[in-house]
Amino acid sequence: MKNMFCKSDNLRNESDVEQFFIIKLIDYLGYKEDNVYTKKVLTMRQYGKGSKKTSFIPDYQLNDSKTPLVIVEAKSPEVNIIPYIHEAQEYASIINRDYIGSNPIKYCITSNGIVTYVHKPDEKKEILKLSFSDFEEENENFKKLKSILSFQNLKKSTILEKKFEFKKPDINELRAVLYSAHNKIRSSEKIGPKKAFYEFSKLLFIKINLDKTIEEKINNGEKIGADDFAFCTDYIDKQTKIIADPINNLFIQYRNKLESLVARGEKKRIFSKDEIINLKPSTIRSAVELIQNYNLKSVEDDINGKVFETFLESSVRGKELGQFFTPRSVVKFIVKLANLKFNYNSFGELVPEKIIDGSCGTGGFLIFALSDLFNKIPNSLTDVEKQILKEKIKKDSIFGVDASEDDIVPITRMNMYLHGDGGSHIFLADTLDKDIQIEKTLTQERQDELLEFKNTMKNIKFDLVLTNPPFSMKYDSKVPEENRILEQYEIRKITNKNVASLKSNIMFLERYYDILKPGGKLITVIDESVLNTEGQGKHMLAFRKWLMKRYIIRAIISLPKNTFVNQDAGVKTSIIYLTKKVSENEQQPKTFMAISEDVGHNDAGKITSEMGDLDQIYEDYLRFERGEFND
């Protein structure tokens, strides 16, 4: 048997169906190479819930420019294609949900060559069912297929109903667009990466807040129209006739809302009272144009912190920003290792563990800890109970501190705010200052913040520390203010002679010992010289003895030298997992030790995988904990 495309005898397997039938059909319908996306460039999607989740990626997606129109799934002639109709429809529906106000994918084609179905994504009954012999010019079924699926006809129908594109980006797409927007700001304003980062963060702040409002309307069943998309060039062009800088006007509105919460003591300050976006309107418009069509709130929901962390990864490298940021793979590994959980209080209520990062940077550890606790809320709770517990996590569980006298803490608070926490426990302070001096020359707001921080550190014993403190920062006795802090530390005097200086990462280990509960966990990245060299001579050896007297060493994972290559740091580091001894007599058990050779990027800093070998190391750690290792 033969039709206009091939002989039925030539269709022996799925590859034959694609090569001899599907590709010729696609070409006949008028789709050029640029319109055809194969599964190599498409993103795998999941549908279903829990253990019943199914992953699927179609063979082809037919596009008009970047707008998807048709999903095509091919199977071998002997395969029953009915189940795959549903998978293609599910995939199309997931893609359509990324486009607010329109459903660009109109049809799904599912074929094994012998029989071909055409469905709409949301309808069970097929529009067309064609046999192999139907694919002839004068066949009525084939004429109908051409009338609805030809590129020109389908393109015309989508132009008539085209609305504002509003989609969820994948991570590579997000990285590229943020990088482009950041470079646009730098070149247009002739400013450095750090300044450009801070100003662009204000735009992201508006964007994610607006996207959140749009999603809330959708969830409430409200109709969404073009007027809801204020973060776009159409809005700017219309409003500029009335307001000189409409996006800055939006920023001021959000800033003022926050200001009222700061005044009531409900939130920490993110922006100064008179803060504006310090970019030219033309620069703002260019940046808006690059990111307007992406639903950034959807990214935050799925991959917590991804917008800000991806922005950092793609746009600002370590020394340029003045801070070292921990690779996401290492952050995720440490949070998994921590095994965050809930405990019961004296009233029988579930309460989350209290977590602190004393050098929190932009809040990477805190964001992942927040997400991990959310995911561990028991399903046995009612919706109301789940929401109450979620509020406890946001308001009582997450604490962050950073001493950077620059834009880092506002960025952290902004990041936490956009995740619902509000940044209520993110402090601008020096964690290493045990006395926490409050100078009267500071503004009343700063004095109040430091007093709150002082009371927090005095009254709370933490369950867990997740952190990556600065490696190279030192406190020197020749500097009076630094010497004041050095004098507070026992480890300075453990050889009966005061040392002239101490690295801050060593001082942090004593500071965290003070604020942890007995049995509390400390998981940190540490300079390996602290663990395995003479370092500062007898003092370093004495420090290691001090450490083992106070902590149980649960695990040490050596990291590759390129771990911090994207931050321009070549220090050899390890992850060390400690628990504060309940008593001095507590004996040191066997320690889990491992060497990581891959944290998910190469020596040039290019991402090669999500976790490298860290997932396998985590599985080995779990086996070690279960007693499955003999040595």
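I436 sits in the loop that links β13 to α17 (444-459); helices here are DSSP runs of H or I with at least four residues, strands are runs of E with at least two, and both are numbered from the N terminus. I436 has a positive phi of about 50°, although it is not a glycine. Most residues other than glycine have a negative phi. At 4% relative accessibility I436 counts as buried, where buried means under 20% relative accessible area, exposed means over 50% and partly exposed lies in between (1.4 Å probe, protein chains only).

N339 is also not a glycine, and it has a positive phi of about 50°. Its place is the loop between α13 and β9 (342-344). With 46% relative accessibility, N339 counts as partly exposed. S504, found in helix α19 (residues 504-515), is buried at a relative accessible area of 0%.

| Residue | Location | Relative accessibility |
|---|---|---|
| I436 | loop between β13 and α17 | 4%, buried |
| N339 | loop between α13 and β9 | 46%, partly exposed |
| S504 | helix α19 | 0%, buried |

A word on the model: it is predicted, so local features need pLDDT of at least 70 and side-chain atom pairs count only at pLDDT 80 or more, while totals for chains, interfaces and linings use all residues. Numbering starts from 1 along each chain as its sequence is written, and side-chain values use heavy atoms, with hydrogens and water left out.

Now the wider picture. The protein chain holds 22 helices and 20 strands, and buried residues make up 53% of its 631 residues.

Eight strands form an open sheet in the order β13-β12-β11-β14-β17-β19-β18-β20, with mixed pairing; two strands pair if DSSP finds at least two bridges between them. At the edges are β13 (426-428) and β20 (592-595), each pairing on one side only. From one strand to the next, the twist averages 15°. Inside the sheet, β11 (residues 355-357) and β14 (residues 462-467) run parallel, joined by two bridges, and I355 stands opposite L464 in β14.

Two helices go with this sheet. Helix α14 (residues 364-375) packs on it, touching β11, β12 (398-402), β13 and β14, and its direction makes about 175° with that of β12. Helix α13 (residues 328-338) lies across β14, β17 (516-527), β18 (551-558) and β19 (573-580), running at about 160° to β17. Those angles run from 0 to 180 degrees between N-to-C directions, using axes fitted to C-alpha atoms, for helices over the stretch in contact.

Ten of the twelve residues of α14 are buried, so this helix is largely enclosed by the rest of the structure. Among them are F365, L366, I367 and F368.

What about the nonpolar cores? Each is a set of buried Ala, Val, Leu, Ile, Met, Phe, Trp, Tyr and Cys residues joined through side-chain atoms within 4.5 Å. The largest has 47 residues, of which F333, I334, L466, I557 and I575 touch the most other members. Leaving aside neighbours within four places in sequence, I557 is in contact (heavy atoms within 4.5 Å) with residues including F333, L337, I575 and F592. A second, separate core of 42 residues includes L174, F229, Y235 and I284.

Elsewhere, β7 (residues 115-119) runs antiparallel to β8, joined by four bridges. Strand β8 (residues 128-131) has a covered face, L128 and L130, and an uncovered one, K129 and S131.
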